[in-house]
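Reader: I am new to this. Could you show me a structure and explain the words people use for it?

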Amino acid sequence: KAKEQGRNCFEFFTSGLHEQATARSKLENALHKALKNNEFTVYFQPIVSHDKKTVGCEALLRWHSDELGAVSPAQFIPVCEELGLIIPIGEWVLREACREAASWCRCYGDGFFVTVNMSSVQFIRQDIETLVKTVLQESQLLPQCLTLEITETLLADNSSNTLQQLQALRAIGVGLAIDDFGTGYSSLSYLKRFPLSKLKIDREFIKDLPDDLEDCAMVSAIISMASNLHLKVIAEGVETSAQRAFLTALNCDYIQGFLYSKPLPAALFDQYIKAFIAQQQT
Ligand code: C2E
Ligand code: MG
Ligand code: MG
Ligand code: MG
């Protein structure tokens, strides 16, 4: 509740046009300094398999600005994209995520994976294949332990050489997940045309399970279609055991959400995964 209020304060005090412009330029100025001032951190949220094993995590960027306090990625990522700052920030997130995941793979085994959110802007403006190869080399993370999360926006963009870039990434063994599935310019043909390995069902379809019969029908259809296309399915934003029971009955591969854990700082995720491994061994 406090978090919600904190987020709304920003909007609340910026109702006028002039105030909005001032707030926006404050945000831009703060963002320009944020990377250099070490204001970013990466959090990790567990991804849990059908048989309740923690098998991976999603890397999620957090920003605590000296001037503005905590700002949500939903608010600052689009601004970073407009300013081009998503290129250095995105690189930094990828490095951090791979470095941490490499240490978790050493204790967990190579079945562990980390997923990293990629902006379409990164694909359009950067050679992602070279970046990924470099970062994998530096971190010694195996390619199969990394999955990049991409969005429907990228797949809808025919102008770039997206398909070749994605094929090159799959060829080196990196996984590709379509994030927020069902919320963008969904076209089912993307699932066939692009070399995807995972599909993440957006929380929008999960939140009213199992009461909303239309959502039940949608989720059930998405899971069976994905499974026939050999895509692993991750349900996002799972908060209740009733949602989990519904998803498990449909053979949903992975579950991610507050039901298991909120996103955690690396040190806490490290404790979480080690406690999980210890419990497996007894
Ligand atoms: P996303 O990739 O779809 O990430 C899932 C969001 O759902 C995260 O929000 C996560 O904290 C939240 N979440 C997870 N489980 C639950 C749950 O059970 N209930 C609810 N209500 N929420 C849950 P977060 O961390 O605020 O990130 C928001 C979005 O910002 C992300 O959505 C992603 O699109 C973007 N983002 C975050 N980190 C990065 C990044 O490093 N790079 C890029 N390009 N985008 C990022
Ligand atoms: Mg994501
Ligand atoms: Mg998502
Ligand atoms: Mg989302």
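Author: What follows is a set of short questions and answers on this structure.
This is a predicted model, where local features need pLDDT of at least 70, side-chain atom pairs count only at pLDDT 80 or more, and totals for chains, interfaces and linings use all residues. Residues are numbered from 1 along each chain as its sequence is written, chains are lettered from A and ligands numbered from 1 in the order in which they are written, and side-chain values use heavy atoms, with hydrogens and water left out.

Reader: Why is Ser261 called buried?

Author: Buried means under 20% relative accessible area, exposed means over 50%, and partly exposed is in between (1.4 Å probe, protein chains only). Ser261 has a relative accessible area of 8%, so Ser261 is buried. Its place is in the loop between strand 9 (254–255) and strand 10.

Reader: Which residues does Ser261 touch?

Author: Contact means heavy atoms within 4.5 Å. Not counting residues up to four places away in sequence, Ser261 touches Gln45, Pro46 and Tyr272.

Reader: What makes Asp211 buried or exposed?

Author: Its relative accessible area is 67%, so Asp211 is exposed. Asp211 sits in the loop between helix 10 (203–206) and helix 11 (213–228).

Reader: What makes a stretch a helix or a strand?

Author: Both are DSSP runs, numbered from the N terminus: helices are H or I with at least four residues, strands are E with at least two. Helix 13 (residues 266–281) has 16 residues.

Reader: What span is expected of helix 13, and what does it reach?

Author: The expected span is 1.5 Å times one less than the number of residues. For helix 13 that gives 22 Å, and the helix reaches 23 Å from its first C-alpha to its last, close to the expected value.

Reader: How do you know where the buried residues of helix 13 point?

Author: They are Ala266, Phe269, Asp270, Ile273, Phe276 and Ile277. Seen down the helix axis, they fall within an arc of 130°, so they line one face of helix 13. The arc is that of the directions from the helix axis to the C-beta atoms. An α-helix has 3.6 residues a turn, so residues three or four places apart point the same way. The face turned away from the buried side of helix 13 carries the exposed residues Ala267, Gln271 and Gln279.

Reader: What covers the buried residues of helix 13?

Author: The cover includes strand 1 (40–49), strand 2 (54–65), helix 4 (86–108) and strand 10 (264–265).

Reader: Which residues of helix 3 are buried, and how do they lie?

Author: Phe76, Val79 and Cys80 are buried. They fall within an arc of 105° seen down the axis, so they line one face of helix 3. Ala74 and Glu82 are exposed on the face turned away from the buried side of helix 3.

Reader: What makes the link between Asp179 and ligand 1 a polar contact?

Author: A polar contact is a pair of N or O atoms within 3.5 Å; within protein, one must be able to donate a hydrogen and the other to accept it, and residues adjacent in sequence count only if both atoms are side-chain atoms. A polar side-chain atom of Asp179 lies 2.9 Å from an oxygen atom of ligand 1. That value is within the limit of 3.5 Å. For Asp180, a side-chain N or O atom is 3.0 Å from an oxygen atom of ligand 1.

Reader: Which element gives the largest share of the shell around ligand 1?

Author: Strand 2 does, with four residues.
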